[in-house]
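Work through the following exercises with the model open beside you, and try each task before reading its solution.

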Amino acid sequence: MFYIRTIKFIIFTAFLFSLAYINKERIPRPEELKTFDFITTSGIDIDLNGGGENFSISYISRSDNGGVGEGGGGNDKSGQNSGKNIFNVKSNTLSGAFDKLHNLTNKSVNDSHLEYILIGEETAKENLDYFTDYYSKRRSIRLSVKTFITKGMTSEDFIRKASTSEIDADAKLHGLVNDGSRISSLTKKNLKNLMQIFYSKDRTGLIPALAIKESPVETSKTDDNGDEKSYTFDFYGLGIIKDGKLKDYLPASLVRSYLILTGKLNATDIEVNGENGDLFVFAVKNSITKTSFEFDAQNKPEKVIFDVSIETEFDETASNSKEAFNLNKLNALQSGKIKSEIERLIETSRETDADFLGIGESLSIRHPYKWHNIKDEWHNLFKNIDYEIKISVKTTRYYNLNIKNRGYINHD
């Protein structure tokens, strides 16, 4: 009897499956529910100085049927971003914006699945406090979610432009923060790091910034004006946070020196031009910086000394220039370039009045007693302290011994 019931059950189940498969196109499906299945990126813009609906939340989500979700906009898409929707909701309050977002689907929407949060530039300049306070209280948010500032625009505009590219936006974000060969991967910050800025002295820190640029990939899509236009984005640099607000940017060209001074760097190249205009490229293998201080008669710091040691490699097979074998001269060129970058880095720190290099923290660790006596006046001392930069570059060269007619090769 048991076997007969089992066989009937299997036959009945197979019948229902076949019936559902044959009529799958007729079965109503909650499209809004499906579009929220794989949300990874969210943008937030807050304008407390404006009127009306000044809280804006944007989401990128994947969907099998492509197109644009309710509240969104855009044109036909193709390529890697073709299966994505843009959702944007606005409200008088941030919680109200989330309520509107929930109305787009019969599925409960929370932030536990997010990997990236994009903060609009104006929000970072004026309302970063509000943003941090709100997300620190959300139970669903993961502290590991990566945060970025969208330079020169709102996060909503950034998301819309990034979605016009043939290059997958989520994949590119993943590469920027996880590819160890990129400087951007060494500067990533998550929500926990952002919150820690607000517990630090003067609430000073750095947040990675992204910038939209025209895509190098040809496209057949058109923008709202009917012109063919495609955008992508890249790592722009670091947003300088002072007193909990965005003050300025540290461009990508100076991020390398920032990493050299604040930690080890082994993911970049140093490019210099020789006397004959030849370009030489040196791969950085390691860097170590030792920071020391000099004090005046009142035990107040009057000079910071950066002693930087950098190890690089040079592939001699990539150059036929005789200059390639004068390592002393090439090392001097590398030292000069890094020193110039560090000088500009320090000048930016002074101009923004932001100790993002952590000089005060380093002083407190190395000289805790002296720091205790001057910590309340560090703000004024920081702006007037002198700096001495010592750069030592050691280059290891390698070459192919099978190459002929390289009569000027030496082994010094």
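The exercises below concern nonpolar cores and aromatic rings in this predicted model.

**Exercise 1.** Find which residues have the most contacts inside the largest nonpolar core, and which helix gives the largest share of this core.

Solution. Begin with the core itself, which has 61 residues, and note that Phe 233, Tyr 258, Phe 356 and Trp 378 are those with the most contacts inside it. Next, turn to helix H9 (residues 252-262), from which the largest share of this core, six residues, comes. Then look at Tyr 258, which touches several residues beyond four places away in sequence, including Leu 206, Leu 345 and Phe 356.

**Exercise 2.** Decide how the rings of Tyr 116 and Phe 148 are arranged, stacked or tilted, and which parts the pair ties together.

Solution. The centres are 6.4 Å apart and the planes make an angle of 50 degrees; since planes under 30 degrees apart count as stacked and those over 60 as edge-to-face, this pair is tilted. Tyr 116 belongs to strand S4 (residues 116-120) and Phe 148 to strand S5 (residues 146-150), so the pair ties together parts that are 32 residues apart in sequence.

**Exercise 3.** Determine whether Trp 371 and Trp 378 are buried or exposed, and describe their pairing.

Solution. Buried means under 20% relative accessible area, so Trp 371, at 19%, counts as buried, and Trp 378, at 7%, counts as buried too. Their rings lie 5.7 Å centre to centre with 65 degrees between the planes, which makes the pair edge-to-face.

Notes. Residues are numbered from 1 along each chain as its sequence is written. This is a predicted model: local features need pLDDT of at least 70, side-chain atom pairs count only at pLDDT 80 or more; totals for chains, interfaces and linings use all residues. Side-chain values use heavy atoms; hydrogens and water are left out. A nonpolar core is a set of buried Ala, Val, Leu, Ile, Met, Phe, Trp, Tyr and Cys residues joined through side-chain atoms within 4.5 Å. Buried means under 20% relative accessible area, exposed over 50%, partly exposed in between (1.4 Å probe, protein chains only). Helices (H or I, at least four residues) and strands (E, at least two) are DSSP runs, numbered from the N terminus. Contact means heavy atoms within 4.5 Å. Rings of Phe, Tyr and Trp (its six-membered ring) pair if their centres lie within 6.5 Å; planes under 30 degrees apart count as stacked, over 60 as edge-to-face and the rest as tilted.
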